[in-house]
Amino acid sequence: MTGHIRWQIRRDMPQVLEIEEACFIEPWDEEDVVKRLHVRNCIGMVVEDCEQVAAYMMYELYKTHFNVLRMAVHPDFRYEGKGRQMIKQLADKLTLQRRSKIIFAIHEQNLDAQLWLQACGLVCVEIVGDEYIFEYDYEMECLFNGDQG
C-alpha cells in the first residue's frame with residue numbers, strides 16, 4: 001500500500017526526525033535538516049499514510065540530475081512500496097525537467113540500502129572513499145527498454 005507524496009512542511013519535522021533516528025547510524029538533527037532545506041536547490045518530500053509521515057526524501061536539483069541526500073521509510077511502514085514510490089516520483093520528473101539521472105551516495109557499510117537500490121534498478125557506477133555511488137540513468141533505461149525517449 002502506498003501513500004500520498006507531498007512537499008515537506010514545518011509541522012512534519014518531528015516525524016522526519018523520528019524517521020532519521022530510526023533509520024540512520026548518524027541521524028541528522030533539526031538544524032541539519034533545516035540548513036539543507038534552506039539551500040535554494042534542495043527539496044524535501046514526504047509520503048503520508050493515514051495522516052502520518054511514513055517516509056521522506058531530500059534531494060538536490062542540478063541541471064542534469066537529482067542528487068538524493070536522504071531517503072528513508074519508517075520501520076513501521078517498510079515493505080509497502082513507499083521507497084519505490086519515492087524513486088518512481090523522481091524518475092517520472094526526469095524527462096519533464098530535462099534531467100537524466102538520479103544519484104545516491106550510500107555508505108559502504110549500508111548493505112541493506114545498496115541491495116534495495118539494486119532491486120529498484122539502480123546501478124553502482126563508482127566507489128568514492130567509503131561511499132558507493134548508485135545511479136538511475138533514464139537514457140540508459142530507455143535504450144535497454146527499446147524506447148526512443
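A pocket, as the word is used here, is an open set of grid points where a 1.4 Å probe fits, with protein on both sides within 12 Å along at least five of seven lines. In this predicted model, the largest pocket holds about 1300 Å³ of space. Welcome to the structure: the points below walk through its pockets, its nonpolar cores and helix H3.

**The largest pocket**
- The lining of this pocket is made up of 31 residues, and those closest to the centre are Cys23, Phe24, Met71, Asn110 and Ala113.
- Two or more lining residues come from each of strand E4 (65–73), helix H3 (82–94), strand E5 (101–107) and helix H4 (111–119).
- Strand E4 is the biggest contributor to the lining, giving seven residues.
- By type, the lining residues are 17 nonpolar, six polar and eight charged.

**The second largest pocket**
- Here the volume is about 160 Å³.
- You can find this pocket by looking for its lining: Arg84, Ile87, Lys88, Ala91, Asp92, Cys120, Tyr136 and Tyr138.
- Helix H3 supplies the largest share of that lining, with five residues.
- The lining has five nonpolar residues and three charged ones, but no polar ones.

**The nonpolar cores**
- The largest nonpolar core has 27 residues, and the members that touch the most others are Tyr59, Met71, Met86, Leu90, Ile102, Phe104 and Leu122.
- Strands E2 (42–49), E3 (52–61), E4, E5 and E7 (131–137), together with helices H3 and H4, each give two or more residues to this core.
- Among these elements, H3 gives the most, with five residues.
- A second core, separate from the largest one, has 13 residues, including Val16, Cys42, Val53 and Ala72.
- Met71 is worth a second look, as one of the residues closest to the centre of the largest pocket and also one of the best-connected members of the largest core.

**A closer look at Ile102**
- Setting aside neighbours within four places in sequence, Ile102 is in contact with Phe66, Val68, Ile87, Leu90, Ala91, Leu94, Leu122, Phe134, Glu135 and Tyr136.
- Among these partners, Ile87, Leu90, Ala91 and Leu94 are buried residues of H3.

**Helix H3**
- This helix has 13 residues and spans 19 Å from its first C-alpha to its last, close to the 18 Å expected at 1.5 Å a residue.
- Its buried residues are Lys82, Gly83, Gln85, Met86, Ile87, Leu90, Ala91, Lys93 and Leu94.
- Ile87 and Ala91, both on that buried list, also help to line the second largest pocket.

Notes:
Residues numbered from 1 in each chain as written. Predicted model: local features only at pLDDT ≥ 70, side-chain atom pairs only at ≥ 80, totals over all residues. Heavy atoms only, no water. 1 Å grid on protein atoms, 1.4 Å probe; cavity = no way out; pocket = protein on both sides within 12 Å on 5 of 7 lines; lining within 4 Å. Points joined across faces, edges and corners; volume = space filled by probe spheres on them. Helix = DSSP H or I, 4+ residues; strand = E, 2+ residues; numbered from the N terminus. Nonpolar A, V, L, I, M, F, W, Y, C, P; charged D, E, K, R; others polar. Core = buried A, V, L, I, M, F, W, Y, C linked by side-chain atoms within 4.5 Å. Buried < 20%, exposed > 50% of the residue type's maximum accessible area, 1.4 Å probe, protein only. Contact = heavy atoms within 4.5 Å. Expected span 1.5 Å × (residues − 1).
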